[in-house]
Amino acid sequence: AGEFPWEKVPVYITAQLIGAVIGAVIAYLNYLPHWRKTDDPEVKLAVFATSPAVKSPAANFVSEMLGTFMLVLGLMFIGANEFTEGLNPLIVGLLVTAIGISLGGATGFAINPARDLGPRIAHAILPIPGKGSSRWDYAWIPVVAPIVGGIYGALFYQALFLSEFSTFFWVISGIVLVCIIFATYVEMNGGKEEKEKFRSAG
């Protein structure tokens, strides 16, 4: 953390976004004969972008935030240790796989804003028959939540293992805690409402 020069950040972000769009276009071309034969627009969108298994913005935000937090924290651990030359990419791949298997089911785990935003843009502009909505109402979650989770993952590592407790760390800690409490509150109250509806129907 702190080793990547800030002047290169805009170029790096732009390159990732362009790469994600290009990758999505390649996927579009690969499935070219399938678009007309697939009726479900959600299935078509799933080729490009993530979507939640259960739509709950607060909980979906926390899920993406936690996934990216674990990714960045894991990357910091990997960067702090020396593996056999050439083994680091394999370890990173295993880390992403582990996060996907354990935490990815809730939202499809974007864990990188470019991974979702780029392909979603491609979905919006490509001539896909019967594609339906690009779900821009949800699109902010896999962009903002990974940014919060990623920043907190790096700050958490610095605080816990390097004893660097910055003001920014406490601010982000507060934001993360509020997000988790709010999501829990929303889900608990939503559960109560569902129980009341069930009782009324009975």
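The largest nonpolar core of this predicted model comprises 22 residues, and Phe61, Met65, Tyr152 and Val176 have the most contacts inside it. Two or more residues of this core come from each of helix H3 (57-79), helix H7 (141-162) and helix H8 (167-201). A second core, separate from this one, has seven residues, including Ala24, Tyr28, Phe48 and Ala122. In soluble globular proteins, nonpolar side chains tend to be buried together.

The surroundings of Met65 were examined with residues up to four places away in sequence left out of the count. On that basis, Met65 touches Ala145, Val148 and Gly149, as well as Val176, Cys179 and Ile180. Val176 is also among the residues with the most contacts inside the largest core.

The protein chain contains eight helices and zero strands, so that the order of elements from the N terminus reads α-α-α-α-α-α-α-α. Of its 202 residues, 35% count as buried. Among contacts in the protein chain with a separation of 6 or more, 73% are between residues 24 or more positions apart. The exposed surface of the protein chain is about 12300 Å², of which carbon and sulfur atoms supply 68%.

Aromatic pairs number 14 in the structure. In one of them, formed by Phe61 and Trp140, the ring centres are 5.7 Å apart and the planes stand at 35 degrees, so the pair is classed as tilted. Phe61 belongs to helix H3, whereas Trp140 is in the loop between helix H6 (136-139) and H7; the pair therefore ties together parts 79 residues apart in sequence. The two partners have unlike accessibility: Phe61 is buried, at a relative accessible area of 9%, while Trp140 is partly exposed, at 43%.

Phe69 and Phe156 make up an edge-to-face aromatic pair, with 5.4 Å from centre to centre and 75 degrees between the planes. This pair likewise links distant parts of the chain, since Phe69 is in helix H3 and Phe156 in helix H7, 87 residues apart. Phe69 has a relative accessibility of 13% and counts as buried. Phe156, at 24%, counts as partly exposed, because the cut-off for a buried residue is under 20%. Both Phe69 and Phe156 belong to a cluster linked by ring pairs, whose other members are Tyr152, Phe165, Phe169 and Trp170. Within this cluster, Tyr152 is also one of the residues with the most contacts inside the largest nonpolar core.

Methods
Residues are numbered from 1 along each chain as its sequence is written. This is a predicted model: local features need pLDDT of at least 70, side-chain atom pairs count only at pLDDT 80 or more; totals for chains, interfaces and linings use all residues. Side-chain values use heavy atoms; hydrogens and water are left out. A nonpolar core is a set of buried Ala, Val, Leu, Ile, Met, Phe, Trp, Tyr and Cys residues joined through side-chain atoms within 4.5 Å. Buried means under 20% relative accessible area, exposed over 50%, partly exposed in between (1.4 Å probe, protein chains only). Helices (H or I, at least four residues) and strands (E, at least two) are DSSP runs, numbered from the N terminus. Contact means heavy atoms within 4.5 Å. Accessible areas come from the Shrake-Rupley method with a 1.4 Å probe; for residues, only the protein chains shown count as cover. Rings of Phe, Tyr and Trp (its six-membered ring) pair if their centres lie within 6.5 Å; planes under 30 degrees apart count as stacked, over 60 as edge-to-face and the rest as tilted.
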